[in-house]
Amino acid sequence: MRARRRSIIAAVGVAEIVSVALLTLAFVIPFATDDPFTHSVANQTLIAITAAFSVYIMLRMDLLTFAVPAFMAIGGYAVALAGLRGGVTDAVVLTALSFVVPALVAAPLGFLVLRLRGVYFVLVTFVLTEILVLVIFETPQLTGGSNGLVGMPPVVLFGLSIADNRQVLAFAVGITVLAAVITAAVTRYFRQHFASIEENEVLAQSLGLVVWRYKVIGFVVAAGLSGMAGFLLVNMLLTAHPTSFSPISSVNYIAYTIVGGPSSILGPIVGSTLLVWAANVFSIQGEYSQGLFGLLIMIAVTVAKGGIVGTAILLWRRYGPAWSWNPVGRRGMPAGSARVGP
Amino acid sequence: MTQAAIPAGAQAGELRVENVTKRFGGLKVFENLSFTLAPGDILGVIGPNGAGKTTLINVICGKLAPTSGRIVLGGRDVTGKPVHTLSRMGLVRSFQQTNTFRPASVRENISRAIRFSGGSDESWDRIEELLRRFELSLRLDDQSDKLPYGLQKMLGLLLAYVTSPRVLLLDEPAAGLEGRERTRVDDFVQHARSTLGCGVLIVEHDMDLIRRLCPCIMVLDAGRIIAEGAPADVLSRKDVIDAYVGATDEVAP
């Protein structure tokens, strides 16, 4: 009886540990190859993963957000402005800025829009992104308007100027690992709160959970992570431009998460890696990719609700060796609701 | 019925409903309802379907705001406070349907209820007895929605209990249960009353259960209290029987 003492691994989560380890391994890429195509795909993938983490956090509470590009833009422009106008080049300061500025915007906003549920919340987040792009176009004095902000000074980390492709990629790996740690920390620490909101908000509330508070916390952290992704994007292009944050790109981040597997932190990582790679290899960036991603979302939600990771776990449990260690730690889960971690 | 002494320190748990009216647009659900539920009291609320019983619970627990009137808990006006605040103050409800965190285990369900209500690990000791009586002790690791219906309802009651409420609002706790399971509701209510000293308001259609449990009942019909008093007296009144005719045949004088 009573609450079980859990091991540290169980508390942190197997999938969370694997995720951070996998991303840390990515430090090898910039030093293993000089191929600019590989560097570019890896960079895009890391940006996608960081952005998809924020979709993942919101989905923990059964909230679908289209506001990822909006907060990416806020983070990206905050960094670009700090660099261009303020002369700030310190990587630690800029990283903090890219997280904090969108988070500060998200707090009051979340207080307002998180009262909405289901499709209404989805709509408002989409409109939010539309509005933000409009604001960027309409304020050329501040944001450069349709020209964007060009000519940012290179970021400096502990005295080292991050200028060449290899360094930029290594820096992106570092930021993505940090994003994974933040995502893991928040989703594991508030695991019960988020899961209760997802599973039965009414019951959670009647047992005393202050539901809106945890929704705002999730929204704020998700906004901060999007901002970090925006920073990476701006740092890769050395330009902050409104087209980088188009409202329709929000579909991509949702696709990465849902196709990869919305119930595990591994989902956004696997989904982003696969889809960004596919889009580059088959040269289907631009108009076709959204169509393909839309199709993949449809397949994922109708046939394989757990996405790639969820389905893999399900198949492993059904057909894998009976003696194998069960990394899921839950039994009797219905198809499609597979969840990594106890 | 044994009326064990209620623990001291329960005085702050008096619930007063004062002239409460609830309308949805032009539809009047009930008007000028007033009653008091003292700590340790068990009040049965009966009435035909649509009489406003569940809406009454929704208004008391803060899910719906009353159109007019006041809800007073322990001398404090709590009208219009949100559900989670009232829950933290000790006003906790159960639900008519089975209501658990479905994919989570029984243990996880209870652990969440303890955490959300600001309880500690000691809360587990207090429910050991109930877990044993409901035969849930050995099913702590079962997924909650895989439990039989009756046990899911009992788990719902347990979740409310483990938050240490001062007032329990039970919405048809026996609905859908078979005979043997229904006595568990009796057990639960008596246990909650004697260990927590809480007041209990029960909305129920099972007249036998109401007779066994409630020294005092209130009959709601079309948003009015048409009768109040001891079950034996109230249930033999002609207007009460009339209100129930066609609705249920469970009322036998």
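This passage describes the fold of chain B, its contact with chain A, and one helix pair in chain A. The model is predicted, and every value below is computed from it.

Chain B makes a good starting point. Its secondary structure comes to 9 helices and 10 strands, and its C-alpha trace spans about 50 × 40 × 40 Å along the principal axes. For 253 residues, a compact globule would have a radius of gyration near 18 Å; the value for chain B is 18 Å, so the two agree. Buried residues make up 47% of the 253 residues of chain B. Among the contacts in chain B with a separation of 6 or more, 70% come from residues 24 or more positions apart.

One part of chain B is an open sheet of 4 strands, arranged in the order E2-E1-E4-E5 with antiparallel pairing. Strand E2 (27-37) and strand E5 (76-77) of chain B are the edge strands, each pairing on one side only. Within this sheet, strand E1 (residues 15-24) and strand E4 (residues 68-73) of chain B run antiparallel and are joined by 5 bridges. One residue pair helps to locate this pairing in the structure: B:Arg16 has B:Val72 in E4(B) as its bridge partner. The sheet also carries a helix. Helix H1 (residues 53-60) of chain B packs on the sheet and touches E1, E2 and E4 of chain B. The direction of H1(B) makes about 115° with that of E1(B).

Strand E3 (residues 42-46) of chain B offers a view of parallel pairing. E3(B) is joined by 4 bridges to strand E8 (residues 199-203) of chain B, in the parallel sense, and here B:Gly44 stands opposite B:Ile202. E3(B) also runs parallel to strand E9 (residues 216-221) of chain B, again over 4 bridges. In that pairing, B:Leu43 stands opposite B:Cys216. What of the surroundings of E3(B)? All 5 of its 5 residues are buried, so the strand is largely enclosed by the rest of the structure. The burial holds for both faces: B:Ile42, B:Gly44 and B:Ile46 point one way, B:Leu43 and B:Val45 point the other way, and all are buried.

The contact between the chains comes next. It brings together 29 residues of chain B and 20 residues of chain A. On the side of chain B that touches chain A, the elements giving two or more residues are helix H2 (83-88), strand E6 (91-93), helix H3 (106-116) and helix H4 (123-133) of chain B. H3(B) provides the largest share of that side, with 5 residues. By class, the side of chain B that touches chain A has 12 nonpolar, 9 polar and 8 charged residues.

Chain A itself contributes a helix pair to this account. Helix H12 (residues 250-260) and helix H15 (residues 307-319) of chain A pack with their axes 3 Å apart, at an angle of about 0°. H12(A) is therefore roughly parallel to H15(A). The residues that meet are A:Ile258, A:Val259 and A:Gly260 in H12(A) and A:Gly307, A:Ile308 and A:Val309 in H15(A). Sorted by class, the residues of this contact comprise 4 nonpolar, 2 polar and no charged.

Key. Residues are numbered from 1 along each chain as its sequence is written. Chains are lettered from A and ligands numbered from 1 in the order in which they are written. This is a predicted model: local features need pLDDT of at least 70, side-chain atom pairs count only at pLDDT 80 or more; totals for chains, interfaces and linings use all residues. A residue is buried if 20 or more other C-beta atoms lie within 10 Å of its own, exposed if 12 or fewer, and partly exposed in between; C-beta atoms are placed from the backbone. Two strands pair if DSSP finds at least two bridges between them. Axes are lines fitted to C-alpha atoms, for helices over the stretch in contact, and angles run from 0 to 180 degrees between N-to-C directions. Angles under 35 degrees count as roughly parallel, over 145 as roughly antiparallel, 65 to 115 as roughly perpendicular and the rest as oblique. Two residues are in contact if their C-beta atoms, placed from the backbone, lie within 7 Å. Ala, Val, Leu, Ile, Met, Phe, Trp, Tyr, Cys and Pro count as nonpolar, Asp, Glu, Lys and Arg as charged, and the others, Gly among them, as polar. The radius of gyration is taken over C-alpha atoms; the globule rule is 2.2 Å times the number of residues to the power 0.38.
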